[in-house]
Amino acid sequence: MSYSEAATKEKESIQVNASVRKPKILLAASGSVAAIKFGNLCHCFSEWAEVRAVVTKASLHFIDRTSLPKDIVLYTDEDEWSSWKKIGDSVLHIELRRWADIMVIAPLSANTLGKIAGGLCDNLLTCVVRAWDYNKPLFVAPAMNSFMWSNPFTERHLMLIDELGISLIPPVTKRLACGDYGNGAMAEPSLIYSTIRLFLESRTQVS
């Protein structure tokens, strides 16, 4: 291959890579103390991906909205109801499901885990999950007290969501916010980010 041919191929490769759009990541937070790290999580993803965020009412007790990147739209239960006025209007949880390439729930509380495992959909986050297209990946990073994590219900619920095709980013062992020491702390935002990025990039290489 001549130098000019190699240069042409390299230029074409760069153009192709530049044209590949950013992945669309739907980040979600439920009511765990670990939601204080949600702003950090959003920053981890925001430079690499297009990000939208869904949060539960309980999670807002821990999330500092000013910590979120300014270009990220934060959706709450109120947005679900205020955006729909009549038949024919878009339904927010359906639109978010259509928009996203992947969904990541971090933190996933014991309560929201139980809701998802039982098929309940009483807020915006769980409605997105119930309407999710499981041909697309969905990851969860649980966060709860160590006794809640070791509770027999948790094992049952994890088995049920695994059957749905939901992937688990396991919690870690450390001193928890409640003062107990044990397994149940959410994985660090940097680990969640690297897990998702590696997953998506490895799929792109295979395809």
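**Exercise 1. Determine which way the residues of β5 point and whether they are buried or exposed.**

Step 1. Sort the side chains by direction: Leu138, Val140 and Pro142 point one way from β5, whereas Phe139 and Ala141 point the other way, and all are buried. Here buried means under 20% relative accessible area, exposed means over 50%, and partly exposed lies in between, with a 1.4 Å probe and protein chains only as cover. Strands, such as β5, are DSSP runs of E with at least two residues, while helices are runs of H or I with at least four, and both are numbered from the N terminus.

Step 2. Describe the strand as a whole: β5 is mostly covered, since five of its five residues are buried.

Before going on, note that this is a predicted model, in which local features need pLDDT of at least 70 and side-chain atom pairs count only at pLDDT 80 or more, whereas totals for chains, interfaces and linings use all residues. Residues are numbered from 1 along each chain as its sequence is written, and side-chain values use heavy atoms, with hydrogens and water left out.

**Exercise 2. Find which strands pair with β5 and how they run.**

Step 1. Recall the rule that two strands pair if DSSP finds at least two bridges between them.

Step 2. Take β4 (102–108), which is joined to β5 by four bridges, the two strands running parallel. Leu108 has Pro142 in β5 as its bridge partner.

Step 3. Take strand β6 (residues 167–168), which is joined to β5 by two bridges and also runs parallel to it. Val140 has Leu168 in β6 as its bridge partner.

Step 4. Look at the peptide bonds of β4: Pro107 is found in this strand, and the bond that joins Ala106 and Pro107 is cis, with omega about 5°.

**Exercise 3. Describe the largest nonpolar core and the surroundings of Leu27.**

Step 1. Define the term: a nonpolar core is a set of buried Ala, Val, Leu, Ile, Met, Phe, Trp, Tyr and Cys residues joined through side-chain atoms within 4.5 Å. In soluble globular proteins, nonpolar side chains tend to be buried together.

Step 2. Name the central members: of the 31 residues in the largest core, Ile25, Leu27, Phe38, Phe45, Val104, Ile192 and Ile196 touch the most other members. The elements that give two or more residues to this core are β1 (24–29), α2 (38–46), β2, β4, β5 (138–142) and α9 (189–206).

Step 3. Separate the other core, which lies apart from the largest one and has 26 residues, among them Tyr75, Trp99, Leu124 and Leu138.

Step 4. List the contacts of Leu27, where contact means heavy atoms within 4.5 Å. Not counting residues up to four places away in sequence, Leu27 touches Phe38, Leu41, Cys42, Phe45, Val51, Arg52, Ala53, Val54 and Val104.

**Exercise 4. Work out where Thr56 lies and what it touches.**

Step 1. Place the residue: Thr56 is found in the loop between β2 (50–55) and β3 (73–75).

Step 2. Judge its cover: Thr56 counts as buried because its relative accessible area is 6%.

Step 3. Name its contacts, again without residues up to four places away in sequence: Thr56 touches Ala29, Ser30, Gly31, Asn123 and Leu125.

**Exercise 5. Examine the salt bridges and say which parts of the chain they link.**

Step 1. Apply the definition, by which a salt bridge is a side-chain nitrogen of Lys or Arg within 4 Å of a carboxyl oxygen of Asp or Glu. The structure holds six salt bridges.

Step 2. Begin with Arg21 and Asp101, whose closest N and O atoms are 2.8 Å apart. This pair links distant parts of the chain, 80 residues apart, with Arg21 in the loop between α1 (3–19) and β1 and Asp101 in the loop between α4 and β4. Arg21 is partly exposed at 47% relative accessible area, and Asp101 is partly exposed at 24%.

Step 3. Turn to Arg98 and Glu95, whose side chains meet at 3.0 Å, N to O. Both lie in helix α4, three residues apart, about one turn of the helix. Arg98 is exposed, with a relative accessible area of 53%, whereas Glu95 is partly exposed, with 31%.

Step 4. Finish with Glu188 and Lys174, which meet in a salt bridge at 3.8 Å, N to O. Glu188 lies in the loop between β8 (181–185) and α9 and Lys174 in strand β7 (residues 172–175), so the pair ties together parts that are 14 residues apart in sequence. Lys37, Lys174 and Glu188 are linked in a network of salt bridges.

Technical notes: Contact = heavy atoms within 4.5 Å.
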